[in-house]
Amino acid sequence: MKSRKRKRMWYVCLAAFVAVCMITSFVRANQTEYTTREVVVQEGDTLWGIWEEVGHGRADKWIAEVRSINNMETADLQPYDRLTVPVVKGE
C-alpha cells in the first residue's frame, strides 16, 4: 500500500515540476524588453497619436504609463513638451 502512495506522490511531484518548467519557459519566451525614449510634442499631438507612432500594447495602458512616468495630472499636451515614453527595445 505504501508503495502505491509513494509512486502516486512521485508522479504528482513530477507533473508539478513539468508544469512549472513549462509555465516559466512560456513566460520567458513572451517577455519583451522595453526602454524609454524622449518625444518632443508638436502642435496638435495627442497621447493617442504618439501611441500610434511609437507605442506598443494596449493604448490605455501605454498612455497611463506615459502619464505616470511624466507625472502628468491630465492628458493635455503643449507644443514643445518633452515626454519620456516607453518603447520596445530595438525599435
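The buried residues of helix H2 are covered by elements that include strand E1, helix H3 (59–69) and strand E2 (82–88). Keep in mind as you look around that this is a predicted model. Helix H2 itself spans residues 47–54, and here is a quick tour of its two sides, its tryptophans and the loop before it.

**The two sides of H2**
- Four residues of H2 are worth finding in the view: Leu47, Ile50, Trp51 and Val54 are buried.
- These residues share the same side of H2, because the arc they cover around the axis is only 105°.
- Turn to the other side of H2 and you will meet Glu52 and Glu53, which are exposed.

**The tryptophan pair**
- The model has one aromatic pair.
- Its partners are Trp48 and Trp51, whose rings are tilted, with 50° between the planes and 5.1 Å from centre to centre.
- About one helical turn separates Trp48 and Trp51, because they sit three residues apart in H2.
- Trp51 is among the buried residues of H2, whereas Trp48 is partly exposed, at a relative accessible area of 46%.

**The loop between E1 and H2**
- Strand E1 covers residues 34–40, and Gly44 lies in the loop that runs between this strand and H2.
- Gly44 counts as exposed because its relative accessibility is 65%, and the cut-off for that label is over 50%.
- Gly44 and Pro79 are 35 residues apart in sequence, yet their C-alpha atoms are 7.7 Å apart in space.

Technical notes: Residues are numbered from 1 along each chain as its sequence is written. This is a predicted model: local features need pLDDT of at least 70, side-chain atom pairs count only at pLDDT 80 or more; totals for chains, interfaces and linings use all residues. Side-chain values use heavy atoms; hydrogens and water are left out. Rings of Phe, Tyr and Trp (its six-membered ring) pair if their centres lie within 6.5 Å; planes under 30 degrees apart count as stacked, over 60 as edge-to-face and the rest as tilted. Buried means under 20% relative accessible area, exposed over 50%, partly exposed in between (1.4 Å probe, protein chains only). The arc is that of the directions from the helix axis to the C-beta atoms. Contact means heavy atoms within 4.5 Å.
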